[in-house]
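Hi there,

Here is the structure I said I would pass on to you. Please open it alongside this message, and my notes on what was found follow below.

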Amino acid sequence: MIQVRDLVKSFEGFRALDGLNITVPKGAVYGLVGPNGAGKSTVIRHLAGIYRQDSGEILIDGQPVYENPAVKSRLAYIPDDIFYYTQASIRDMMHFYRELYPTFNEDVFESLGQIFQLNPKRMMRRLSKGQQKQAAFWLALSLRPEVVILDEPVDGLDPVMRRQVWSLLLSDVAERGTTVLVSSHNLRELEDVCDHVGIMDHGKMLLERSLSELQDNIVKIQLAYADGGQLPEDLEILHRSATGRLQQLILRGTAEELSGKLRATDPLFLDVVPLSLEEIFIYELGGAGHEVQNILL
Ligand code: ADP
Ligand code: MG
């Protein structure tokens, strides 16, 4: 579990983080989303124990991170700009990590090698940017970390490798309850992988929700009535559009409750359609949703 409380960090008088709060439950895949300059990398560097805050708290399982090797050894961090010792090969880095992290698992490293298909003897600096990212994932997953922190991780990865990396990470989450925090400037990019979303801007959290919390209380329904058919009166309609007989409704409520109620009005056709994260934000947040949409999609 990751907790950031009232975090403030200034650079030469500029408040990059301005009382930021984040709560990431254990086993969550948390998307930290915000436009460029929002402060994502800055808070992530605090979580990784690189920066020291001006004020506020950064806790992992209740323990402060800064200068706390016991906590840091349980987390893997992949920065946005990966830095490796230029003369090191992937295998050298593996030896280095093995010394540093008591949980490093060489069997996992060997078996992941078949997936990443990089030659471990290759010098880090001879790899392309995307290959360096792959190597970073390879090493990070071999640490068997409890917490994985990724700063804009998919930049530079091709779509096939992107899917591969996410499927490895998500199976780690499913099998071991790994907690993942991943940043992106693009909400859509995280839509399929995250179960929690925090939207930040100007060093503050704008809203933080679990996807189930968001999805449980908003429903998209398509339905059609024969002539004279009518919607019940007591619906909370957030949005309504129609093509011929086919109506599309965004409603407040649960899918069970609403489909039951609507079926009772005897429609010709009724279907509950999943909402995209984008739609949830727009309808849930009204005007603020459009602002979010403009900066994040
Ligand atoms: P994001 O990762 O969301 O794009 P950053 O956390 O990198 O944003 O930056 C947040 C703000 O803090 C930006 O305005 C950036 O210019 C500023 N900033 C970040 N790091 C430093 C630094 N080391 N020195 C001065 N300003 C910084
Ligand atoms: Mg950044």
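Let me begin with Arg144, which is partly exposed, with a relative accessible area of 26%. Before going further, please keep in mind that this is a predicted model. Arg144 sits in the loop between α5 (129-142) and β7 (147-151), and what caught my eye there is the backbone: its phi is positive, about 50°, although Arg144 is not a glycine. As background, most residues other than glycine have a negative phi.

His202 also has a positive phi of about 50° without being a glycine. Its place is the loop between β9 (196-201) and β10 (204-210). Is His202 buried or exposed? With a relative accessible area of 63%, His202 is exposed, because the cut-off for that class is over 50%.

Now to the part you will probably open first, the ligand.

Which residues surround ligand 1? The shell consists of Phe11, Phe14, Ala16, Pro35, Asn36, Gly37, Ala38, Gly39, Lys40, Ser41, Thr42 and Tyr51. Sorted by class, that shell has six nonpolar, five polar and one charged residues. Three backbone contacts are worth a look in your viewer:

- Ala38 has a backbone N or O atom 3.2 Å from an oxygen atom of ligand 1.
- For Gly39, a backbone N or O atom is 2.9 Å from an oxygen atom of the ligand 1 molecule.
- Ser41 likewise places a backbone N or O atom 2.9 Å from an oxygen atom of ligand 1.

On its own, ligand 1 has 560 Å² of accessible area, and the protein covers 64% of that. Two elements, β2 (14-24) and α1 (40-47), each give two or more residues to the shell. The largest share, three residues, comes from α1.

Helix α1 also turns up among the salt bridges. How many salt bridges are there? The count comes to 14. One of the pairs is Arg45 with Asp80, where the closest N and O atoms are 3.7 Å apart. This pair links distant parts of the chain, since Arg45 belongs to helix α1 while Asp80 is in the loop between β6 (75-78) and α3, 35 residues away. Asp80 itself is partly exposed, at 30% relative accessibility.

Glu106 and Arg98 form another salt bridge, with an N to O distance of 2.8 Å. Both partners are partly exposed: Glu106 has a relative accessible area of 31%, and Arg98 has one of 32%.

Asp227 and Arg245 are a third pair to look at, with their closest N and O atoms 3.1 Å apart. Asp227 lies in the loop between β11 and β12 (237-243) and Arg245 in the loop between β12 and β13 (246-252), so this salt bridge ties together parts that are 18 residues apart in sequence. Asp227 is exposed, with a relative accessible area of 70%, whereas Arg245 counts as partly exposed at 45%. There is a network too: salt bridges link Arg15, Asp18 and Lys204.

Two buried residues deserve a mention. Glu279, in helix α10 (residues 277-285), has a relative accessibility of 18% and therefore counts as buried, since the limit is under 20%. What does the Glu279 side chain meet? It makes a polar contact of 2.7 Å with the side chain of Lys220. The other one is Ala224 in strand β11 (residues 218-224), buried with a relative accessible area of 9%. The C-alpha atoms of Ala224 and Asp266 are separated by 9.5 Å, and these two residues are 42 residues apart along the chain.

Last, a look at the surface. Phe83, Tyr85, Phe96 and Leu100 together make a nonpolar patch of about 450 Å². Of these, Phe96 belongs to helix α3 (residues 90-100). Why can Phe96 be part of a surface patch? Phe96 is partly exposed, with a relative accessible area of 34%, so it passes the requirement of over 30% for patch residues.

Happy to go through any of this with you whenever it suits.

Best wishes

Note on methods
Residues numbered from 1 in each chain as written. Chains lettered and ligands numbered in written order. Predicted model: local features only at pLDDT ≥ 70, side-chain atom pairs only at ≥ 80, totals over all residues. Heavy atoms only, no water. Near = heavy atom within 4 Å. Polar contact = N/O pair within 3.5 Å; in protein donor to acceptor, adjacent residues only side chain to side chain. Areas by Shrake-Rupley, 256 points an atom, 1.4 Å probe, with all protein chains shown as cover. Helix = DSSP H or I, 4+ residues; strand = E, 2+ residues; numbered from the N terminus. Nonpolar A, V, L, I, M, F, W, Y, C, P; charged D, E, K, R; others polar. Patch = residues over 30% accessible without salt bridge, like charges linked within 9 Å, V, L, I, M, F, W, Y side chains within 5 Å. Salt bridge = Lys/Arg side-chain N within 4 Å of Asp/Glu carboxyl O. Buried < 20%, exposed > 50% of the residue type's maximum accessible area, 1.4 Å probe, protein only.
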